[in-house]
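Work through the exercises below with the sequence and the 3D structure open. Try each task before reading its solution.

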Amino acid sequence: MELDPLILSRLQFTLTIMFHYLFPPLTIGMGVVLVYLEGMFLKTREPIYETAARFWTSLYAVTFAVGDATGIVMEFQFGTNWAAYSRFVGDVFGSALAAEGIFAFFLESGFLAILVFGWDKVGPKVHFFATTMVAMGSMFSAIWIVVANSWQQTPAGHHIVQMTRDGKPWFVDGQPVMRAEITDFWAMVLNPSTLDRITHVWIGCFIVGAFFIMSISAWYLLHDKHQDFARRSFTGGLIFATIFSLAALVSGDSNAKMVAKNQPAKLAAFEGHFETGPAGFSVFGMPNEETKTLDSALVIPGSLSYALTGSTTGTVIGLDVVPDEYEPPLKLSYWSFHIMVGLGMAFIALTLYASWLRMRGKLFEKRWLLWVFVVAVIGPFVANEIGWVAAEVGRQPWIVHPTVVRTPRARRRWMRTACCSTTWKRA
Amino acid sequence: MLQYHLEEGLMTRNALSENVSGAEVLTSIILFGVIYGLLFWVWLFVLHQKISAGPQPVHPPDKTTAKGLKPPRRRVAARRDGAGGLKAMDLQTIWFILLGVLLGGYAALDGFDFGVGILHPLARTDAERRTFMNAIGPIWDGNEVWLITFGGALFAAFPMAYATAFSAMYLALMLVLAALIFRAVAIEFRSKRPSPVWRATWDWAFFGSSLMASLLFGVAAVQRRAGHAAR
């Protein structure tokens, strides 16, 4: 059997990134919780806050170490498996990655030692400061990684030039070596998808952190251990999870508009939308590549048009106008997107129901619901992973997605955005 | 039909390393599959242990904990020294020096960790072995940040070198990464059970991965020089 390096390299990237991404959302989500707990301890001096902060830090530390160890592979892999890509984007993507390493990662790793080993060595204020730095560092990491990836989705702030070597045009295997060079750093950083995507990524991380805390607290409640600690942790996690589950919906809507504008083929694949025209959300359906239809579909007519354009008859670009060779893999895009959205809706339902019970003081009597929360932690992990699958598979067959030509007017706008101005704001 | 600014984009199939074969990638997938399986097990194992123990009431200071606060501070200072006072030089030279500082810093700091790992079998008693590991326990992951920063800086400053060298050293680098992760697993896992067989296994894993990593860095460097000479 012929071993295809393309398929294998993509498989390897899938394996390494999906394994790595189990850990960062948890550390980002829990980092915020640690800051809150230590802040409350400084304010109230109640020992339960310190006990809680120490306990969650011990879980945080091991997760951080695993995320750290697997992160190195990610960074090296661009050079080992994707050399042509690295040459093309080095100036742009490499800059964002280096910024992550220098600003964010040093901040995290520098203060992590104080956070984990410094409990009895430094005062609570210094410790609080270190915790804040680690939490901020991990959120900065996310910014730079999302900037790098968003540039692949919606490139901006650069131009393409042919590489020269010793003053002559450079060719590798007969192909001219082209590369993207930054012309406007901030236009690159704040490219059209960065803000929407970083918000969604952060929210996803916070939901993971909150569900993780609720899962362990529910386990203690069910086994009648550490009651006071578990009740307070669960309640805190629940408030956090409810707010951010709802926020994910708002941010998701904003993301969908952004994708429809910049990557119409991706959105069409997400929704199994084959004919340009009015479109609806499909609650369920089996996308069929041969007949180009969505089989046994349950679609809410006009809803997608309404969400994207404000009118139930608004036009949404379908896969019929996308050249075949530039269509994303249909089934994987459709399913990953729908599983993410479905899980997001389930989090909203679950957290709202639990919040309602909590307000009536009946939550901790419902043992079945606590069991649901013990297991429910898997949901946000899956939603985070599958959301990235949707984002990355939907971008295929491109590794750097080109801008879409629509009308002369749009082209002029694109020219402005792409070269030199700061008109990155959504129109 | 939807039209694209094709010259703007890059297709995934055109983004691969030219000189890495399918067999090499398959090897590294299997390698990472095994290592990640192990790592995931460690993670669950440690989480389970800590969750079972539960939150502990705050206790008086524990004098035996090693402190690991120095390296980060020193690191920042080194960076400032490296880049300051060099304004007259061009950007490439500054980056080249900076990369030298980063790689040198990594070699010195994690080299120390590798050394501890390689000397580990010389420790006679269980307590001595534990002391060896504790000596690097709080700092090894901080030290690895130097390598991460080196990789990121090389990618940004010299993408051609990054792409060409890393794909040329494919297997050696993949094995290095696997060894680094395996070392982390060994450090975490050793003390989880008192059984001598268990501990001896992870002691040897610690020794082996430290030796492999330092050896393979050498292999990668020589391979690169040899490749250069052949061209």
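The exercises that follow concern a predicted model.

**Exercise 1. The contact between the chains**

Task: Find how many residues each chain gives to the contact, and which element of chain A gives the largest share.

Solution. Step 1: count by chain. Chain A supplies 84 residues and chain B supplies 74 residues.
Step 2: go through chain A by element. Those that give two or more residues to the side touching chain B include α1 (5–20), α3 (47–81), α5 (93–117) and β9 (398–400).
Step 3: pick out the largest share. It comes from α3(A), with 22 residues.
Step 4: sort by class. The side of chain A that touches chain B has 51 nonpolar, 21 polar and 12 charged residues.

**Exercise 2. Strands across the contact**

Task: Determine which strand of chain B is joined to β9(A), and in which direction the two run.

Solution. Step 1: look for the bridges. Two of them join β9(A) to strand β2 of chain B, residues 10–11.
Step 2: give the direction. These strands run antiparallel.
Step 3: name a pair. Trp398(A) has Met11(B) as its bridge partner in β2(B).
Step 4: look at the loop between α14 (378–393) and β9 of chain A, where Pro397(A) is found. The peptide bond joining Gln396(A) and Pro397(A) is cis, with omega about 5°. Most peptide bonds are trans.

**Exercise 3. Helix α3 of chain A**

Task: Check whether the end-to-end distance of α3(A) agrees with its number of residues, then describe its bend and its burial.

Solution. Step 1: work out the expected span. The helix has 35 residues, and at 1.5 Å a residue it should span 51 Å, because the expected span is 1.5 Å times one less than the number of residues.
Step 2: compare. The end C-alpha atoms of α3(A) are 51 Å apart, which agrees.
Step 3: look for a bend. A kink of about 30° is centred on Glu75(A).
Step 4: count buried residues. In α3(A), 25 of the 35 residues are buried, so the helix is mostly covered.

**Exercise 4. The nonpolar core**

Task: State how many residues the largest nonpolar core has, and which residues have the most contacts inside it.

Solution. Step 1: this core has 176 residues.
Step 2: Ile207(A) and Ile181(B) have the most contacts inside the core.
Step 3: helix α8 (residues 194–222) of chain A gives the most to this core, 17 residues.
Step 4: list what Ile181(B) touches. Leaving out residues up to four places away in sequence, Ile181(B) touches Ala69(A), Ile35(B) and Leu39(B).

**Exercise 5. Two positive phi values**

Task: Decide whether Arg45(A) and His226(A) are buried, partly exposed or exposed.

Solution. Step 1: place the residues. Arg45(A) lies in the loop between α2 (24–44) and α3 of chain A, and His226(A) in the loop between α8 and α9 (227–262) of chain A.
Step 2: read phi. The value is near 60° for Arg45(A) and near 45° for His226(A). Most residues other than glycine have a negative phi.
Step 3: apply the cut-offs. Arg45(A) has 10 C-beta neighbours inside 10 Å and therefore counts as exposed, the limit being 12 or fewer. His226(A) has 19 such neighbours, so it counts as partly exposed, since 20 or more would be needed for buried.

**Exercise 6. Chain B**

Task: Find how many helices and strands chain B has, and in what order its elements run.

Solution. Step 1: there are eight helices and two strands in chain B.
Step 2: from the N terminus on, the order is β-β-α-α-α-α-α-α-α-α.
Step 3: of the 231 residues of chain B, 38% count as buried.

Methods. Residues numbered from 1 in each chain as written. Chains lettered and ligands numbered in written order. Predicted model: local features only at pLDDT ≥ 70, side-chain atom pairs only at ≥ 80, totals over all residues. Contact = placed C-beta atoms within 7 Å. Helix = DSSP H or I, 4+ residues; strand = E, 2+ residues; numbered from the N terminus. Nonpolar A, V, L, I, M, F, W, Y, C, P; charged D, E, K, R; others polar. Pairing = 2+ DSSP bridges. Core = buried A, V, L, I, M, F, W, Y, C linked by C-beta atoms within 7 Å. Bend = angle between axes of the 7 residues up to and from the residue.
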